[in-house]
Each structure stands twice: as C-alpha cells, then as structure tokens.
Amino acid sequence: MNAFLVNGIVTYSIKFATMRSRPDGSNKRSYPSGHTSNSFLGATIIQNIYGSDIGIPAYLLASITGMSRINDKKHYLSDVILVQHWVWGLVQHSIIYINKK
C-alpha cells in the first residue's frame, strides 16, 4: 500500500510541476499518466511476487490502460511511455533496497 501512496505523491508532484495540457484541453495535468503509473506499479508488484505467468498478463493489462488513455485523448504517447519506465525503475530499486536490509 505504501508504494501506491508514494506513486501518487510523485505522480501528482510531477503533474503540478510540469503543467502539461491534455490533448483534449480539459486541464493541465497530462504528464505523467496517473492511471498508467498505478497500473504499471501494480503489474510490477505482481511480477515480483508471482512471476511471469501472472506478471506478463498484468503488464499487458497495464499497457491497455495506457493505450486507452491515449485513445480517450487524455494523454500523449510520451505521457504513457515515460511513466512506464520510471515506475518500473522505482519499484526495482525499492526491491533491491529492501532485499539488502
């Protein structure tokens, strides 16, 4: 649960720092995609706990979430692609840190 809280804080801090307009013009909180960051965070956690048999489908579902946000004109491709990489990296570094303790 702490990972989702930290993810939310980081995501919204970046959103308010960058103030990037959404493709549909509804507001200036396009980058990064919160839906995508939470989806990829969940998929990464699932991958690390249950392995590839469940992790790969979880990543596919997370990718569909990102694609749907682009399709709905809520995000640009870069909003989705970049967040996938930094969420994965943050989780991996956190796991390494926890395992060292």
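## Overall layout

Helices (H or I, at least four residues) and strands (E, at least two) are DSSP runs, numbered from the N terminus. This is a predicted model, in which local features need pLDDT of at least 70, side-chain atom pairs count only at pLDDT 80 or more, and totals for chains, interfaces and linings use all residues. Residues are numbered from 1 along each chain as its sequence is written, and side-chain values use heavy atoms, with hydrogens and water left out.

The protein has four helices and zero strands. Along the sequence the pattern reads α-α-α-α. There are 101 residues, and 31% of them count as buried. Buried means under 20% relative accessible area, exposed means over 50%, and partly exposed lies in between (1.4 Å probe, protein chains only). A contact means heavy atoms within 4.5 Å. Among contacts between residues at least 6 apart in sequence, 61% join residues at least 24 apart.

## Helix H1

Helix H1 covers residues 2-18, 17 residues in total. From its first C-alpha to its last it reaches 24 Å, close to the 24 Å expected at 1.5 Å a residue. The expected span is 1.5 Å times one less than the number of residues.

Which residues of H1 are buried? They are Asn7, Thr11 and Lys15. Seen down the axis of H1, the buried residues fall within an arc of 65°, so they line one face of the helix. The arc is that of the directions from the helix axis to the C-beta atoms. An α-helix has 3.6 residues a turn, so residues three or four places apart point the same way. On the other side of H1, Asn2, Leu5, Ile9 and Ala17 are exposed. Met19 follows H1, and its phi is positive, near 50°.

## Helix H2 and the core

Helix H2 spans residues 34-50. It has 17 residues and reaches 24 Å from first C-alpha to last, close to the 24 Å expected at 1.5 Å a residue. Its buried residues are Gly34, Thr36, Ser37, Phe40, Leu41, Gly42, Ala43 and Thr44. Gly51 follows H2 with a positive phi, near 85°.

The largest nonpolar core has eight residues: Phe40, Leu41, Ala43, Ala58, Tyr59, Ala62, Val83 and Val87. Helices H2, H3 and H4 each give two or more residues to this core. A nonpolar core is a set of buried Ala, Val, Leu, Ile, Met, Phe, Trp, Tyr and Cys residues joined through side-chain atoms within 4.5 Å.

## Aromatic pairs

How many aromatic pairs does a search of the whole structure find? It finds two. The rings of Tyr12 and Phe16 have centres 6.3 Å apart and planes at 35°, so this pair is tilted. Rings of Phe, Tyr and Trp (its six-membered ring) pair if their centres lie within 6.5 Å; planes under 30 degrees apart count as stacked, over 60 as edge-to-face and the rest as tilted. Tyr12 and Phe16 are separated by about one helical turn, because they are four residues apart in helix H1. Tyr12 is partly exposed, with a relative accessible area of 43%.

The rings of Phe40 and Tyr59 have centres 5.9 Å apart and planes at 45°, so this pair is tilted. Phe40 lies in helix H2 and Tyr59 in helix H3, so the pair ties together parts 19 residues apart in sequence. Phe40 counts as buried, at 6% relative accessibility.

## Helix H3 and Pro57

Helix H3 runs over residues 52-71 and holds Pro57. Is Pro57 buried, exposed or partly exposed? Pro57 is partly exposed, with a relative accessible area of 39%. Pro57 and Ile46 are 11 residues apart along the chain, and their C-alpha atoms are separated by 9.8 Å.

## Asp79 in helix H4

Asp79 sits in helix H4, residues 77-100. It counts as buried because its relative accessibility is 0%. Leaving out residues up to four places away in sequence, Asp79 touches Arg20, Ser30, Tyr31, Pro32 and Ser33.

Which side chains make polar contacts with the side chain of Asp79? Ser30 does so at 2.3 Å. Arg20 does so at 2.8 Å. His75 does so at 3.4 Å. A polar contact is a pair of N or O atoms within 3.5 Å; within protein, one must be able to donate a hydrogen and the other to accept it, and residues adjacent in sequence count only if both atoms are side-chain atoms. A polar atom of the Asp79 side chain also lies 2.9 Å from the backbone nitrogen of Tyr76. Asp79 and Arg69 are 10 residues apart in sequence and 9.5 Å apart in space, C-alpha to C-alpha.
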